[in-house]
Amino acid sequence: MSAAVLQKPKKRKWRGWWLKQLHTWHWISAAVSLVGMMLFAITGLTLNHAASISASPATIQKSGLLAPGLRPLLAHPEANDAPLPPRVAEAVERAVDLDAAGRPGEWSDGEVYVAMPRPGGDAWVSIDRASGAITSERTDRGWVSYLNDLHKGRNAGSAWFWFIDAFAVACIVFTLTGLLLLQLHARHRPSTWPLVAVGFLLPAAIAVFFLH
């Protein structure tokens, strides 16, 4: 039996192994990224048509008064961006229902201001360092704004930051395994590479000729 005849089963076996691996990683990455991909696709549309989607921000203002015994804690901040002392942060939360603990503050001679931006909204609290007067405001811009901010990773925190990285890796695995599967099946599907070329050339042409 010739060497060429012996090599054919080995080549077929090797190709079958690669095909199995590609299918496995393709469906795993698809399953992991499915919901996230749908979310990012939908919010891509809402961001692209943001001017056409009306929103009515809801703003809530509250006020309170810091107990006299806690006001001396505001006298000597450790730094200009130091967070509120824990006992003061607890009192603020009880008074205006905003958790400012651990967030950097902006300390001036007369007040301390803490910004609390979040996806789909904003909030802040200000404390008069002399009188202990607490003023706060919370703004909610709705679910569309919330999802749009998640798309951009805006004010979403470190957990969402790392989720976006993991999701991006899953999408890369999904697309690369899809590309390799196209390569393996392209011989029997003549339209494969023309369609891939269209998917590349169309956005490239728009970028070159229409984005100025």
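**Notes on a two-domain predicted model**

1. A good place to start is Asp-97, which is partly exposed, with a relative accessible area of 46% (buried means under 20% relative accessible area, exposed over 50%, partly exposed in between, with a 1.4 Å probe and protein chains only). This is a predicted model, in which local features need pLDDT of at least 70 and side-chain atom pairs count only at pLDDT 80 or more, while totals for chains, interfaces and linings use all residues. Residues are numbered from 1 along each chain as its sequence is written, and side-chain values use heavy atoms, with hydrogens and water left out.

2. Asp-97 sits in the loop between α2 (86-96) and β2 (105-107) (helices are DSSP runs of H or I with at least four residues, strands are runs of E with at least two, and both are numbered from the N terminus). Its phi is positive, about 60 degrees, although Asp-97 is not a glycine.

3. Which residue forms a salt bridge with Asp-97? Arg-138 does, with the closest N and O atoms 3.7 Å apart (a salt bridge is a side-chain nitrogen of Lys or Arg within 4 Å of a carboxyl oxygen of Asp or Glu). The pair links distant parts of the chain, since Arg-138 belongs to strand β5 (residues 133-140) and lies 41 residues from Asp-97. Arg-138 is partly exposed too, at 28% relative accessible area.

4. The salt-bridge count comes to three. Asp-149 pairs with Lys-152 at 3.9 Å between the closest N and O atoms, and also with Arg-154 at 3.2 Å, N to O. Shared partners join Asp-149, Lys-152 and Arg-154 into one network. Asp-149 and Lys-152 are separated by about one helical turn because they are three residues apart in helix α3. Look at the exposure of each member: Asp-149 is buried at 4%, Lys-152 is exposed at 52%, and Arg-154 is partly exposed at 36%.

5. Now to the domains: domain 1 covers 15-52 + 145-197 and domain 2 covers 58-141 (the bounds come from an automatic or database domain assignment). Their C-alpha centres lie 41 Å apart. Seven residues of domain 1 are in contact with six residues of domain 2 (contact means heavy atoms within 4.5 Å).

6. How much area do domain 1 and domain 2 bury between them? About 480 Å², with 57% of it on carbon and sulfur atoms (buried area is the accessible area, with a 1.4 Å probe, that two parts lose on being put together, summed over both). On the domain 1 side, Ser-145, Tyr-146 and Asn-155 lose the most area to domain 2, together 71% of what that side buries. There are zero salt bridges between the two domains.

7. Asn-155 deserves a second look: it lies in the loop between α3 (143-152) and α4 (157-185). Asn-155 has a positive phi of about 55 degrees without being a glycine, and is partly exposed at 33%.

8. Finally, compare two serines. Ser-29, in helix α1 (residues 3-48), is buried at 5% relative accessible area, and touches Ala-170, Val-173, Phe-174 and Thr-177, not counting residues up to four places away in sequence. The side chain of Ser-29 also reaches the backbone oxygen of Trp-25 at 2.8 Å. Ser-63, in strand β1 (residues 58-65), is exposed at 57%; with that sequence limit, it touches Ala-95, Val-96 and Ile-134, not counting residues up to four places away.

Notes:
A polar contact is a pair of N or O atoms within 3.5 Å; within protein, one must be able to donate a hydrogen and the other to accept it, and residues adjacent in sequence count only if both atoms are side-chain atoms.
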